[in-house]
2 protein chains.
Amino acid sequence: MRIGELAARTGVSVRALRYYEQQNLLTAERGSSSHRRYPPSAVDRVQLIQQLYQAGLTSRTIVDLLPCVVDDRATPALLDQLTAERDRIGRHIADLTRTRDRLDTVIANATRNMLTGAACRDAGAPGPAGS
Amino acid sequence: MRIGELAARTGVSVRALRYYEQQNLLTAERGSSSHRRYPPSAVDRVQLIQQLYQAGLTSRTIVDLLPCVVDDRATPALLDQLTAERDRIGRHIADLTRTRDRLDTVIANATRNMLTGAACRDAGAPGPAGS
DNA sequence: CTAGAACCTGACGTAGACGTCAGATTCAAG
DNA sequence: CTTGAATCTGACGTCTACGTCAGGTTCTAG
């Protein structure tokens, strides 16, 4: 498929796909013209790249680890790097969970405060109305 | 306390604290000089700000929501915004969990592949040693 | 053949949370 | 009073994953 179709199928922009190629995350064939051609498997690969980006990995790190994730093979050094990233993601999940729980509490309390106490007051102006 | 001490206590840089003030996230008294003075409660506040930054909130959003989180009070609009952020964080947690689980699988498989199959091979050349 | 869509390669712009340097002022200690 | 540490206010630099524009080539439909 061509780059426009890959972009449509994956939901990422054409610009992003070219960027991935520049970062050596994605390769394309050039069949006698300057236009890129991708195999169907490119869809999965792009989605995997996106997933790793969202997990906070940088291009450089993804370049290193992507072959491992695809092949389930790694050198000891790469295995360390994989483990480090997994642990980092684990800590991030823990942090986010604490934050979400805190927001949950705030939402619950604020809702109750609105219902019981100064209900309609707040809706008018965002400025603090005294006491 | 002064800005250097607050930085030391919270682990964030002096520059970051000034930036927070510029973004209206943090206020300081100026006792007859140009130097900032913070109350002890500033430590908690800075840590809360950091927590929200790490959760992916932007300065603008934190400015809106910080009073709610501190006061447990919100207008309906702010309550919507709080809920939206909580949900976004929830989705992020779900995504990260999937990614972490995938990395766990990769780590397990790659470790087994190393131990059972071409163990010391990988360090030298990635070529598979035939079945 | 021709128009328009899709694609190409640079190359500069963007946003966010600071880092860092310059030059001046202020504080704490001796 | 003097000196060094801490702080002050700009203001430009950084890093990353793209967005966007310019100017040109290629593909596809009619």
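These legends walk through close-up views of a predicted model with two protein chains and two DNA strands.

**View 1. Chain A meets chain B.** Let's start where the two protein chains touch: 35 residues of chain A are in contact with 35 residues of chain B. On chain A's side, two or more residues each come from α3 (41–54), α4 (59–71), α5 (76–116) and α6 (121–124). Which of these elements gives the most? That is α5(A), with 22 residues. Sorted by class, the side of chain A that touches chain B holds 16 nonpolar, 11 polar and eight charged residues.

**View 2. The axis relating the two copies.** Two copies of a chain are related by a rotation about an axis and a shift along it. Here, chain A superposes on chain B after a rotation of 180°, with 0.0 Å of shift along the axis and an RMSD of 0.1 Å. The copies are therefore related as by a two-fold rotation axis. To find the axis from chain A, look for A:I93, whose C-alpha is the nearest to it in that chain, at 2.9 Å. Both copies use the same surface, as 97% of the contact residues of chain A recur in chain B.

**View 3. The surroundings of DNA strand C.** Now for the DNA: strand C is surrounded by 19 residues. The closest are A:G4 and A:R36 from chain A, along with B:S13, B:A16 and B:S33 from chain B. At least two residues of this surface come from each of α1 (3–10) and α2 of chain A and α2 of chain B. The surface near DNA strand C is made up of five nonpolar, nine polar and five charged residues.

**View 4. The surroundings of DNA strand D.** Which residues come nearest to DNA strand D? Of the 19 around it, they are A:S13, A:A16, A:S33, B:G4 and B:R36. Three helices each supply at least two residues of this surface: α2 (14–22) of chain A, and α1 (3–10) and α2 of chain B. By class, the surface near DNA strand D has five nonpolar, nine polar and five charged residues.

**View 5. A closer look at B:R15.** This residue sits in helix α2 (residues 14–22) of chain B. Is B:R15 buried or exposed? It counts as exposed, because it has 10 C-beta neighbours inside 10 Å, and the exposed class takes in residues with 12 or fewer. For a distance to try in your viewer, pick B:I3, which is 12 residues from B:R15 along the chain. The C-alpha atoms of B:R15 and B:I3 are separated by 9.5 Å.

Note on methods
Residues are numbered from 1 along each chain as its sequence is written. Chains are lettered from A and ligands numbered from 1 in the order in which they are written. This is a predicted model: local features need pLDDT of at least 70, side-chain atom pairs count only at pLDDT 80 or more; totals for chains, interfaces and linings use all residues. Helices (H or I, at least four residues) and strands (E, at least two) are DSSP runs, numbered from the N terminus. A residue is buried if 20 or more other C-beta atoms lie within 10 Å of its own, exposed if 12 or fewer, and partly exposed in between; C-beta atoms are placed from the backbone. A residue is near a molecule or strand if its C-beta atom, placed from the backbone, lies within 6 Å of it. Ala, Val, Leu, Ile, Met, Phe, Trp, Tyr, Cys and Pro count as nonpolar, Asp, Glu, Lys and Arg as charged, and the others, Gly among them, as polar. Two residues are in contact if their C-beta atoms, placed from the backbone, lie within 7 Å. Copies are superposed by least squares on the C-alpha atoms of residues with pLDDT of at least 70 in both.
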